Amino acid sequence: MIDKNVVTQIVEEWLEGKDYFLVDVTVSPDDKIVVEIDHADGVWIDDCVELSRFIESKLNREEEDYELEVGSAGIGQPFKVLQQYRIHLGKDVEVMDKTGKKWAGVLTEVTENNFTIIVEVKVKPEGAKRPKLVEQSVTFTYDEIKYTKYLISFK
């Protein structure tokens, strides 16, 4: 079986000096290699092809046959690395906490330990007849959530 760490090192070598970052590398027992990369401005197919060729130049098919797939982290897919949170600062995200509650809001802060979103909640002020929408900050640690993903809007 092809070693995931070997593939990761090859990808990291290709990434040096580029604005791309590694999201994930998986190697299945039948040697299907899947590499996901991302970039703040999106991923270009030409770069995926270049990375694929670079990986192929470093692995020997004569020693072990494999299937290789190189692509971008899918839009609407859960974030896997901290850098994905950082490139989505100021954008709408959906968070599902471990209790199963979904939150939708604007990602406003990202640290190594947690992140904050601004959500709108209905609050009925004392003496008011109707509730009003009020912005509220909600901070999550990464272990309090099931996922966070970019919220696609067609407004």
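The questions and answers below go through a predicted model of one protein chain.

Colleague: Which pattern of helices and strands does the chain follow along the sequence?

Modeller: The model is predicted. Its chain has three helices and eight strands. Read along the sequence, the order is α-β-β-α-β-α-β-β-β-β-β.

Colleague: Is the chain compact or spread out, and what is its radius of gyration?

Modeller: For 155 residues the globule rule gives 15 Å. The chain is well over that, so it is more spread out than a compact globule. Along the principal axes, the C-alpha atoms fill a box of roughly 75 × 30 × 30 Å. The radius of gyration is 20 Å.

Colleague: What percentage of the residues count as buried?

Modeller: The cut-off for buried is under 20% relative accessible area. The accessible surface of the chain is about 10,100 Å², and 47% of that belongs to carbon and sulfur atoms. Of the 155 residues, the buried share is 36%.

Colleague: What share of the contacts with a separation of 6 or more comes from residues 24 or more positions apart?

Modeller: Take the contacts in the chain with a separation of 6 or more. Residues 24 or more positions apart account for 52%.

Colleague: How far apart are the mean positions of the positive and negative charges?

Modeller: The chain carries 20 positive and 31 negative charges. Each set has a mean position, and the separation between the two is 14 Å.

Colleague: Is Asp46 buried or exposed?

Modeller: Asp46 lies in helix 2, residues 45–58. Its C-alpha atom is 20 Å from that of Val7, a residue 39 positions away along the chain. Exposed requires over 50% relative accessible area. Asp46 has 59%, so it counts as exposed.

Colleague: How many salt bridges does the count come to?

Modeller: Side chains of opposite charge can pair when their charged atoms come close. The rule here asks for a side-chain nitrogen of Lys or Arg within 4 Å of a carboxyl oxygen of Asp or Glu. By this rule, the count is seven.

Colleague: Which residue meets Arg61 in a salt bridge at 3.2 Å?

Modeller: Arg61 is partly exposed at 38% relative accessibility. One salt bridge joins Arg61 to Glu56 at 3.5 Å, N to O, and Glu56 is partly exposed at 35%. Another salt bridge of Arg61, at 3.2 Å, goes to a residue that is exposed at 55%. That partner is Asp65.

Colleague: How many residues apart in sequence are the parts that Arg86 and Glu112 tie together?

Modeller: The side chains of Arg86 and Glu112 form a salt bridge at 2.9 Å, N to O. Arg86 lies in helix 3 (82–87), and Glu112 in the loop between strand 5 (102–110) and strand 6 (114–123). Arg86 is partly exposed at 41%, while Glu112 is exposed at 57%. The pair therefore ties together parts whose sequence separation is 26 residues.

Colleague: Which residues are joined into one network by salt bridges that share partners?

Modeller: Shared partners link these salt bridges. The network consists of Asp24, Glu36 and Lys80.

Colleague: What is the phi of Asp31?

Modeller: Most residues other than glycine have a negative phi. Asp31 is not a glycine, yet its phi is positive. Asp31 is found in the loop between strand 1 (21–27) and strand 2 (32–38), and counts as buried at 6% relative accessibility. The phi of Asp31 is about 65 degrees.

How values were computed. Residues are numbered from 1 along each chain as its sequence is written. This is a predicted model: local features need pLDDT of at least 70, side-chain atom pairs count only at pLDDT 80 or more; totals for chains, interfaces and linings use all residues. Side-chain values use heavy atoms; hydrogens and water are left out. Helices (H or I, at least four residues) and strands (E, at least two) are DSSP runs, numbered from the N terminus. The radius of gyration is taken over C-alpha atoms; the globule rule is 2.2 Å times the number of residues to the power 0.38. Buried means under 20% relative accessible area, exposed over 50%, partly exposed in between (1.4 Å probe, protein chains only). Contact means heavy atoms within 4.5 Å. Accessible areas come from the Shrake-Rupley method with a 1.4 Å probe; for residues, only the protein chains shown count as cover. Lys and Arg count as positive and Asp and Glu as negative; His and the chain ends are not counted. The place of a charge is taken as NZ of Lys, CZ of Arg, CG of Asp or CD of Glu.
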